[in-house]
Amino acid sequence: MRYITYNAKNFRKIEYLRYLPEEVKKEINIVSKVIPFKTNNYVVDHLINWEDYQNDPVYILTFPNKDMLLDHQYKKVKHAVENNYEKQDLYRVINEVRMEMNPHPANQSSNVPKLNGVELTGMQHKYRDVVLFFPSQGQTCHAHCTFCFRWPQFTKELDLKFAMREIDQAAEYIRQNEDVSEILFTGGDPMIMNPGTISKYIDYLIEARIPNLKTIRFGTKSLTYWPFTFLPEFNPEAQEMLNMFRRIVDNGYHLAFMAHFNHYQEMQTEVLEKAVHNIRQTGAEIRTQAPVLNHINNHSDVWARMWKMQVNMGMIPYYMFIERETGPFDYFKVPLAEVYEMYQQAAIKTGSFAKTITAPVMSAAMGKVQILGVVDNPADGKKYFMMQYVRHRDYRQTFQPFFMDYDEKASWVTQLREVKPQQVIA
Ligand SMILES: *Cc1c(COP(=O)(O)O)cnc(C)c1O
Ligand code: SF4
């Protein structure tokens with residue numbers, strides 16, 4: 001299968017762009033200065049309904065549009081582009097706008113672990129039993145989702161020597177921290193690496209035989225953006241990838257493939273179904289997660305249908321997130337109250353297997369907070385959010401419900417005030 005990358009420089013070559021007015025193409029060019037734009041021929045040719053591009057979820061997920069920037073931000077960048085600013089000056093403008101977009105949400109830098117006093121910058125250890133590992137060669141994606149603001153960490157490809165030192169240190173760190181039983185490969189998208197590269201990391205881990213390491217996870221959007229990664233009939237390297245999965249399983253590890261689906265429209269191709277089948281054949285389980293996004297999937301029917309399709313293919317719904325306060329957040333955000341109600345409806349519609357999902361969840365500074373419900377208090381006639389941490393820096397604080405003030409407009413936990421139980425009951 002031929003792989004064509006489209007980015008801000010060559011996107012005008014996309015044949016389907018004939019559906020777009022010239023004005024819209026100019027807007028893409030301007031907004032993409034701030035919101036990184038990149039996609040490929042599979043997404044463009046198979047996942048987007050171009051005749052109705054304005055309302056198409058995958059189009060909106062892929063192509064930045066004017067409304068994703070605030071008015072003054074758009075004008076500022078447009079001015080710089082149209083007046084042919086020098087590279088340096090243009091970069092300064094772009095950077096100013098980006099800095100207004102909260103590029104480092106829920107500051108993660110305090111999670112960087114240390115090995116023998118030295119910081120391991122390619123890792124994060126926030127929750128007792130699991131470490132995140134950011135292989136340096138997996139810090140980009142097949143396509144950039146417009147809502148995602150991981151650009152501060154999207155770096156250039158690094159050499160394999162560097163990668164080997166990274167995994168060597170990660171293995172040693174896990175060995176020294178016996179509470180850690182899982183490693184989660186994340187990015188970017190680790191599945192953007194070719195199987196040869198990723199196998200170097202994995203085989204190192206397997207050979208290290210770390211007694212406390214039981215689970216290997218990959219967080220990836222490759223099933224959506226390039227399913228050929230797992231289809232030997234289209235891609236000669238795919239068998240090597242599947243063999244590597246099998247090697248993980250055969251060596252006694254629990255292998256979880258954390259797939260990211262934003263809309264069922266990403267799941268309707270035959271190649272996707274085949275890829276899911278091939279991955280499951282290796283003994284890996286596939287769990288699914290995604291954020292709720294205005295303009296893309298903010299409807300219970302979308303989630304109900306998506307979860308049913310996932311379950312029918314043998315995948316396990318895992319997390320439904322609330323969109324982080326970063327990037328084009330104003331465009332994509334949905335108030336917590338609305339997300340909760342939408343989740344409730346979707347779960348009712350889905351039935352049995354929707355119960356395996358933890359939802360809706362915010363990845364906040366102290367941990368992952370789940371909204372458990374909106375509760376009416378007959379004593380004061382007011383509503384409250386009931387929440388709990390399902391993940392917390394201090395694991396002893398998980399699964400302990402608490403109350404927060406209700407605000408139908410709030411879209412993140414920090415906008416609410418915690419209420420003590422006695423206040424609520426009184
Ligand atoms: C979500 C997350 C994990 C994984 O959490 P699970 O609940 O085990 O899926 C690990 N580390 C960080 C920093 C995370 O945000
Ligand atoms: S694939 Fe994941 S990491 Fe990459 S741009 Fe999309 S959401 Fe972000």
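These notebook entries record what I looked up around the two ligands of this predicted model.

Entry 1, conventions. I worked with a predicted model, in which local features need pLDDT of at least 70 and side-chain atom pairs count only at pLDDT 80 or more, while totals for chains, interfaces and linings use all residues. Residues are numbered from 1 along each chain as its sequence is written, chains are lettered from A and ligands numbered from 1 in the order in which they are written, and side-chain values use heavy atoms, with hydrogens and water left out.

Entry 2, ligand 1. I listed the residues around ligand 1 (a heavy atom within 4 Å) and found Gln124, Lys126, Tyr127, Val130, Leu132, Arg217, Tyr318, Tyr319, Lys368 and Arg391. By class (Ala, Val, Leu, Ile, Met, Phe, Trp, Tyr, Cys and Pro nonpolar; Asp, Glu, Lys and Arg charged; the others, Gly among them, polar), they divide into 5 nonpolar, 1 polar and 4 charged.

Entry 3, polar contacts of ligand 1. Looking for pairs of N or O atoms within 3.5 Å, I noted that oxygen atoms of ligand 1 lie 2.7 Å from a polar side-chain atom of Tyr318, 2.5 Å from one of Tyr319 and 2.8 Å from an N or O atom in the side chain of Lys368. Taken alone, ligand 1 exposes 380 Å², of which the protein buries 90% (Shrake-Rupley method, 1.4 Å probe).

Entry 4, ligand 2. Around ligand 2 I found Cys141, Ala143, His144, Cys145, Phe147, Cys148, Gly188, Lys221 and His260, a shell of 5 nonpolar, 3 polar and 1 charged residues.

How values were computed
A polar contact is a pair of N or O atoms within 3.5 Å; within protein, one must be able to donate a hydrogen and the other to accept it, and residues adjacent in sequence count only if both atoms are side-chain atoms.
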